[in-house]
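Please open the model in your viewer and keep the sequence panel beside it, so that each selection can be followed in both places. The tour moves from aromatic rings to a single side chain in a helix.

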Amino acid sequence: MFSLTYEFKLKPTLEQAAIFTDWLEQCRQVYNYALAERKDWFKSRSCQINACSLRSEYIIPADTKRPTYANQCKALTAYRKTSPALQKVQSQVLQQTDELARAGVC
């Protein structure tokens, strides 16, 4: 028994390639922002009370909630309504990008 496979190759036009590049740029910015938000939150809580670093301090209010996937998705949805650049990208793509940042992939 043998199986047939099909191989498809995308050949985007210059206009489509520009759109794909813009989508990738938006995903990169969402990924970097989500990752930085989580890293900053953890760094702000990593020093001991009696021995904080003299070189750098991450000062984030103590009542700030830990950035979770659900919180960041809600914030992304709210920001997407006001950002014309993010409105061009499908919401599922942006949320998967945020999920990848949470998992530390890439």
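What follows is a short series of selections in a predicted model.

Begin with the aromatic side chains, for which a search of the whole structure finds two pairs. Select F20 and W23, whose rings form a tilted pair with centres 5.7 Å apart and an angle of 55° between the planes; the pair is called tilted because edge-to-face would need planes over 60 degrees apart. Showing the backbone as a cartoon places both residues in helix α1, which covers residues 14–44, and there F20 and W23 are three residues apart, or about one helical turn. With a surface switched on, F20 can be seen as partly exposed, at a relative accessible area of 36%, and W23 is likewise partly exposed, at 32%.

Next, select W41 and F42, where the ring centres lie 5.2 Å apart and the planes meet at 85°, so this pair is edge-to-face. How buried or exposed is each partner of this pair? W41 is buried, its relative accessible area being 15%, whereas F42, at 45%, counts as partly exposed.

Finally, move to Q72, which belongs to helix α2, spanning residues 69–82. Q72 is buried, with 5% relative accessible area, and it is worth displaying what surrounds this residue. Once the neighbours within four places in sequence are set aside, the contacts of Q72 are A34, E37, R38, P67 and D98, so select these five residues together with Q72 to view them, given that contact here means heavy atoms within 4.5 Å.

Definitions and conventions. Residues are numbered from 1 along each chain as its sequence is written. This is a predicted model: local features need pLDDT of at least 70, side-chain atom pairs count only at pLDDT 80 or more; totals for chains, interfaces and linings use all residues. Side-chain values use heavy atoms; hydrogens and water are left out. Rings of Phe, Tyr and Trp (its six-membered ring) pair if their centres lie within 6.5 Å; planes under 30 degrees apart count as stacked, over 60 as edge-to-face and the rest as tilted. Helices (H or I, at least four residues) and strands (E, at least two) are DSSP runs, numbered from the N terminus. Buried means under 20% relative accessible area, exposed over 50%, partly exposed in between (1.4 Å probe, protein chains only).
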